[in-house]
Amino acid sequence: MSAKLNLTEIGRVAIPAADQDRALEFYVGTLGFELRSDETFADGKMRWIEVAPPGGSTAIAIAPPMEGGPTAVDTGIVISTDDIEADHATLKAAGVDVDPEIARWGDPVPPMFRLRDPAGNALSIVEPTR
């Protein structure tokens, strides 16, 4: 490659949500994320929403599914926590679709569990060990 690229960060990851209002309520109301953007475009026919953990640098873009595309995906998103036990219990008590148990494989893999948002998108929560 002869030209230098100008890539700087992973700024956002897009996930599908047919019901953007329901997804927004989940990410902000249940997970406690910040609303970074909620704008309409295309003469008000489309909506761009971004949410992120407080102070986090990478956002999740909640977008309508692409025509003919999946309505839910395994996002590959891994969210860090300082207290996996408390977060698992809190989310489970709130009725969130979480794995029944925290997976513990031992070093170097941190303890983790998966959750599904209202659209069925899968995310992981981990408690980093380092």
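**Briefing: sheet, core and salt bridges**

Let's start with Arg114: with a relative accessible area of 28%, this residue is partly exposed. Everything here comes from a predicted model. Arg114 forms a salt bridge with Asp74, with 3.3 Å between the closest N and O atoms. That pair links distant parts of the chain, since Asp74 sits in strand S5 and Arg114 in strand S7, 40 residues apart. From there, we move on to the sheet, the nonpolar core, the other charged pairs and Thr75.

**The four-stranded sheet and its helix**

- Four strands make up an open sheet with mixed pairing, in the order S1-S4-S3-S2.
- At the edges are strand S1 (12–16) and strand S2 (34–41), each of which pairs on one side only.
- On average, and ignoring direction, neighbouring strands of this sheet are turned by 20° against each other.
- Helix H1 (residues 20–30) packs on the sheet and touches S1, S2, S3 and strand S4 (59–63). The direction of H1 makes about 10° with that of S3.
- S2 and strand S3 (residues 46–52) run antiparallel and are joined by 7 bridges.
- Across from Glu34 stands Ala52 in S3.

**The nonpolar core**

- The largest nonpolar core counts 22 residues. Tyr27, Val51, Ile60, Ile62, Phe113, Leu115 and Leu123 are the ones with the most contacts inside this core.
- At least two core residues each come from H1, S3, S4, strand S5 (74–80), helix H2 (84–93), strand S7 (112–116) and strand S8 (122–126).
- H1 gives this core its largest share, 4 residues.
- Want a closer look at one of the well-connected members? Setting aside neighbours within four places in sequence, Leu123 is in contact with Tyr27, Ile60, Thr75, Ile77, Ile79, Phe113, Arg114 and Leu115.

**Salt bridges**

- Searching the whole structure turns up 8 salt bridges.
- One of them brings together the side chains of Asp21 and Arg47, at 2.7 Å from N to O. Because Asp21 lies in helix H1 and Arg47 in strand S3, this pair ties together parts that are 26 residues apart in sequence.
- Asp21 and Arg47 don't stand alone: along with Asp38, they are linked in a network of salt bridges.
- Arg47 has 18% relative accessibility, so this residue counts as buried, the cut-off being under 20%.
- Glu34, the residue opposite Ala52, also forms a salt bridge with Arg36, where the closest N and O atoms are 3.1 Å apart.
- Glu34 is partly exposed, at a relative accessible area of 32%, and Arg36 counts as partly exposed too, at 38% relative accessibility.
- Back to the opening pair: Asp74, the partner of Arg114, counts as exposed at 53% relative accessibility, because the cut-off for that label is over 50%.

**Thr75**

- Thr75 is found in strand S5 and, at 16% relative accessibility, counts as buried.
- The Thr75 side chain reaches the backbone nitrogen of Ile77, at 3.0 Å.
- Which residues does Thr75 contact, leaving aside its neighbours within four places in sequence? They are Ile15, Asn121, Ala122 and Leu123.
- Leu123 in turn belongs to the core residues with the most contacts, and Thr75 appears among the residues in contact with Leu123.

Technical notes:
Residues are numbered from 1 along each chain as its sequence is written. This is a predicted model: local features need pLDDT of at least 70, side-chain atom pairs count only at pLDDT 80 or more; totals for chains, interfaces and linings use all residues. Side-chain values use heavy atoms; hydrogens and water are left out. Two strands pair if DSSP finds at least two bridges between them. Axes are lines fitted to C-alpha atoms, for helices over the stretch in contact, and angles run from 0 to 180 degrees between N-to-C directions. Contact means heavy atoms within 4.5 Å. A nonpolar core is a set of buried Ala, Val, Leu, Ile, Met, Phe, Trp, Tyr and Cys residues joined through side-chain atoms within 4.5 Å. Buried means under 20% relative accessible area, exposed over 50%, partly exposed in between (1.4 Å probe, protein chains only). A salt bridge is a side-chain nitrogen of Lys or Arg within 4 Å of a carboxyl oxygen of Asp or Glu. A polar contact is a pair of N or O atoms within 3.5 Å; within protein, one must be able to donate a hydrogen and the other to accept it, and residues adjacent in sequence count only if both atoms are side-chain atoms.
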